[in-house]
Structure formats: structure tokens, C-alpha cells
Amino acid sequence: MKKKLLIAILCCGAMATNAENPRYTGTSMSIEDALDAVGVNGRFENRKSIAENNGIKKYKGTDKQNLYMLDLLKEGNLIIDDSCYYTEEELAEKQREAANETSAEARAAAAAQEPEVKEAQQEEPRLTLQSENPALKLPRYAGNPNETVGKALKSTGALSMAIGVPCFVAGVACLMYANMKANPTDGYTTSRSKADADGSLEYISVDEWNNKMQKFTRSTHNAEVAGYILTPMGGALTVIGVPLYVKGKKMMQLDVNYTGNGAGISVEF
């Protein structure tokens, strides 16, 4: 009778112990996460103590030992000392850390959702024109205005020289033609008596003489007019184009001065 009573008492004690043990119902395969979920600090010292209380000798944290403890915890049969549970201070600290992590993740998520334009706006352009007068809208230069103006001057100078030099050369050639063309009536005469007296002259009729002179006069006059137009025009374009091209290559600085009523641009070389 005493043996039966003793067995009954031991069974009741075992049942009471199982009922007090925590039970893990999650899906994690980590013993540390499972212990943390039931309020137990899963550091190695605590796990070693828990392992010894549950008959696990020489606990080293192997997978086999951890899985065995995890199975006991899921069954509600893992014996855990009260000293292994988190204290109230530790629980409060964990809550603060969790709140900080949540806040940091929220900020990171919000920053990731912001448009990429924000980064582009943070990069200030090399030159920005602004005005105190909202009615005055001045342009914004994203590139280097000094380089832009320099390229424009260089291109303008090159174009001016490309037109001016050929015009100048053509004008000089026309003037030379008009002044150096030989007279086609040299060596001819309309007088028979003189032709008979001087054998070096060839007799031609008056009509033929006039025809030669008209062609000569017309061609030289046209060449002279073209020369007087092309020569100064080509020279002027060349004179303008050379400094523009040189200054465009040696562009040094572009200063933009602006006020509430307007803006002024000065170029320095």
C-alpha cells in the first residue's frame, strides 16, 4: 500500500513540473530564438545550466544537443531554472532595443521610397542664377557656362575665318585681274595708211575694234566691282574671326551679376 502511494505522489509531482515548464509553439529551429520566445535568456551559460538540469552531459552547444533541448521545449518538458529567465530590467531593455530597431527600419524604408530626384537636387550646379524678383525667371546652367561661351566664340571665329579668308583671296584675285589683264587691242590698228607704214600693227575694222574693247571693258569692270566688294568684306570677317577664335580657346572667366531687377554677364579674358 505504501509503494502504490509513493508512486502516485511521484507521478503527481512529475505532472506538476511539466505543467510549469514553458512550451515553445513557434517554427524556429534555433534554441536561442525558442528560449527567447518563452522569456529565457539563451546565452551559453544559461543553456549549459539548462542542459545539465535535463540530463545533457558536457554541453558544448552542438546541433544534436540543441535540437534535443528544442524538442523538450516544444513538448513542455524542458526544465528551466528561474535564474535563467529575463529580469524585469532586461525585458525593459529588450523592448527599448526592439522599438529602436523598428524605428530605424521605418526610417530606412521611408528613405528608400523617396524618389531618386532628391539626390540629383542635392548636387548643386556649377552656376545657378536666382533672383529676388519672382516675376523674373532667369535660366539655370547645369554645366560650365565659361566652357559653353568659349565654345560658342571659338565656333563663331572659325566660321568667320572660313568665310572671310576665301572672300578676301577672291577679291584680291579680281582686282589683280582687272588691273593686269592685257588690252586685246594692242597690236591692232584701224588705219590702213599706218598699217602700211608700220608692219608691226595689224589692220582691223572699226567694228571689230569696238567689239574687242567692249568685251575687255565689261570683264575688267565686273572683276573690279567684285574685288571692291569681296576684298573688304573678307578682310573684315577675317579680322573679326581671328580674335574670336583665339579668345574662345583662351576663355578664362565668366562672371554673372544679378539683382532683383535683372542680371548682367561680363566676360573676362
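Which side chain does Arg47 meet in a salt bridge? In this predicted model, the partner is Glu32, with an N to O distance of 3.6 Å. The two residues come from distant parts of the chain: Glu32 belongs to helix 2 (residues 31-37) and Arg47 to helix 3, 15 residues apart. Their surroundings are worth a look too. Arg47 has a relative accessible area of 8%, so this residue counts as buried, the cut-off being under 20%. Glu32, on the other hand, is partly exposed at 42% relative accessibility.

Let's stay in helix 3 for a moment, which covers residues 44-53 and also holds Ile50. Is Ile50 buried or exposed? Ile50 is buried, and its relative accessible area is 0%. You can see what surrounds this side of the helix by listing the contacts of Ile50: leaving aside residues up to four places away in sequence, Ile50 touches Leu35, Val40, Met69, Leu78, Ile79, Ile80 and Cys84. One of these neighbours, Met69, sits 19 residues from Ile50 along the chain, and the C-alpha atoms of the two are separated by 8.6 Å.

Now back to the charged pairs. How many salt bridges does a search of the whole structure find? The count is three, and the pair of Arg47 and Glu32 is one of them. Another joins the side chains of Lys94 and Asp36, with 3.0 Å from N to O. Here Asp36 comes from helix 2 and Lys94 from helix 5 (residues 88-113), so the salt bridge ties together parts that lie 58 residues apart in sequence. Lys94 is partly exposed, with a relative accessible area of 31%, and Asp36 also counts as partly exposed, at 30%. If you are following along in the viewer, helix 2 is a handy landmark: Glu32 in this helix pairs with Arg47 of helix 3, while Asp36 in helix 2 pairs with Lys94 of helix 5.

That leaves the salt bridge between Arg96 and Glu93, whose closest N and O atoms are 2.4 Å apart. What separates these two residues along helix 5? They are three residues apart in that helix, which means a separation of about one helical turn. As for accessibility, Arg96 counts as partly exposed at 47%, and Glu93 is partly exposed as well, at 35%.

How values were computed. Residues are numbered from 1 along each chain as its sequence is written. This is a predicted model: local features need pLDDT of at least 70, side-chain atom pairs count only at pLDDT 80 or more; totals for chains, interfaces and linings use all residues. Side-chain values use heavy atoms; hydrogens and water are left out. Helices (H or I, at least four residues) and strands (E, at least two) are DSSP runs, numbered from the N terminus. Buried means under 20% relative accessible area, exposed over 50%, partly exposed in between (1.4 Å probe, protein chains only). Contact means heavy atoms within 4.5 Å. A salt bridge is a side-chain nitrogen of Lys or Arg within 4 Å of a carboxyl oxygen of Asp or Glu.
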